[in-house]
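User: I would like a close look at a single part of this model. Please choose one, follow it into its surroundings, and explain each term as you go.

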Amino acid sequence: MKKRLLPLFLALNLLCASCGGVRELLTDPSVSGKGLTLYYLAGEGGERGQVLDSEFRETPGNTPTAADVMPLLLAGPETPGLRSPFPSGTVVRSCREEGELAVVDLSEAYGGLSGVDLTLADGCIVLSLCGLGHISRVYLTVEGRPRPFRDQVYTAQDFLLDNGSGGERQQTVRLWFLQGETIAPEERTLTLRMGDQTEIAVLQALLKGPESGELEPVCPPDTALLSLGWEGNRCTVDLSGGWLEGEEDPRRILAVAETLTELNPEAEILFQVEGIPLESFGGVDLDELLGAEPKD
């Protein structure tokens, strides 16, 4: 049964949404607790280029749970013109609620999504679950494992556009590089798009190297960030093997740590290379969690 349509827009190939409509839907007492609002891909030629749309499903009886929503969502839309963003064979392996957090584990087929397709599918799940009213955060895994570069808890606001910027926002950060015998910051303005994780964007910019000729890079040019995950204030950074090809200079570790603690002063950092814990580097003992030294 089609009851309410609130479009989301794709701009610059990324998910964004009209400012007020979805937020009103997520908090509308006439909807929450009396039915399900499920999000799918809009049909081609939707009004104003919309790429996501919603349909309302009546659910008599008790307030539905996240476990009620997920099988219905994955089964696909009932409204003509809407399309499922989920790959064939995607099933829910487990779904539980921890207070306002929904933890959803999906089958391997979901792990085949990437880029914009993955962002749209994530958005459909998060917006559908947050529309329940009692769920405000969603954490997604595949086959029981965290997703590289997507290992974060999402809220509906992560998929909403508040400033009319076409799905982009600017954030000024400080990246720490080598300079002389110490490390020094370089201020950088990054363009973050809907669904981007700030810490990942910052570290990827750091690994690419400085823009100023007065600073030196922290790693060889072929070093890549494999994953970054948070558990409270504990951050695990997994780097590619290229990291080990450079000189074991302790300033390199400190520059990464300082860059992350610019974003979270309470961060404690664990380093891995190709998934193997890095116990020491350049004389720095990394067995314990590493927090960057404060700078004057």
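Analyst: **Helix H5 and its surroundings**

Helix H5 is mostly covered, with 10 of its 14 residues buried. Buried means under 20% relative accessible area, exposed means over 50%, and partly exposed is what falls in between (1.4 Å probe, protein chains only). The model is predicted, so local features need pLDDT of at least 70 and side-chain atom pairs count only at pLDDT 80 or more, while totals for chains, interfaces and linings use all residues. Residues are numbered from 1 along each chain as its sequence is written, and side-chain values use heavy atoms, with hydrogens and water left out.

The names of elements come from DSSP: helices are runs of H or I with at least four residues, strands are runs of E with at least two, and both are numbered from the N terminus. Helix H5 covers residues 250-263. Its buried residues are Arg251, Arg252, Ile253, Ala255, Val256, Ala257, Glu258, Thr259, Leu260 and Thr261. In general, an α-helix has 3.6 residues a turn, so residues three or four places apart point the same way.

How far apart are the end C-alpha atoms of helix H5? They are 21 Å apart, which agrees with the 20 Å that its 14 residues should span at 1.5 Å a residue. The expected span is 1.5 Å times one less than the number of residues.

What does helix H5 lie across? It lies across strands S11, S12 and S13 (268-273), and it runs at about 135° to S13. Such an angle is taken between N-to-C directions and runs from 0 to 180 degrees; the axes are lines fitted to C-alpha atoms, for helices over the stretch in contact. Contact means heavy atoms within 4.5 Å.

These strands belong to an open sheet of four, in the order S11-S12-S13-S14, with mixed pairing. Strand S11 (225-231) and strand S14 (276-277) stand at the edges with a single partner strand each, so one side of each has no neighbour in the sheet. Two strands count as paired if DSSP finds at least two bridges between them. Strands S11 and S12 (residues 234-239) run antiparallel and are joined by six bridges. Within this pairing, Leu225 stands opposite Leu239 in S12. A second helix, H4 (residues 198-208), also packs on the sheet: H4 touches S11 and S12, and its direction makes about 145° with that of S11.

**The rest of the chain**

The setting for this part is a chain with five helices and 16 strands. Of its 296 residues, 49% are buried. The accessible surface of the chain comes to about 14,000 Å², and 47% of this belongs to carbon and sulfur atoms. Accessible areas come from the Shrake-Rupley method with a 1.4 Å probe, and for residues only the protein chains shown count as cover. Among contacts between residues at least 6 apart in sequence, 62% join residues at least 24 apart.

Salt bridges also link parts of the chain. Side chains of opposite charge can pair when their charged atoms come close. Here a salt bridge is a side-chain nitrogen of Lys or Arg within 4 Å of a carboxyl oxygen of Asp or Glu. By this rule the count is 11.

One of them joins Asp122 to Arg150, with the closest N and O atoms 3.2 Å apart. Asp122 lies in helix H3 (residues 115-130) and Arg150 in the loop between S7 and S8, so the pair ties together parts 28 residues apart in sequence. Both Asp122 and Arg150 are buried.

The salt bridge between Arg93 and Glu143 is 3.3 Å from N to O. Arg93 sits in strand S5 and Glu143 in the loop between strand S7 (137-142) and strand S8 (153-154), 50 residues apart. Arg93 is partly exposed at 45% relative accessible area, and Glu143 is partly exposed at 27%. Glu143 has a phi near 55°, a positive value in a residue other than glycine. In the loop between S7 and S8 there is also Phe149, whose phi, near 65°, is likewise a positive value in a residue other than glycine.

A further salt bridge joins Glu78 and Arg57, at 3.6 Å from N to O. Glu78 is exposed, at 53% relative accessible area, whereas Arg57 is buried, at 10%. Together with Glu55, Arg57 and Glu78 are linked in a network of salt bridges.
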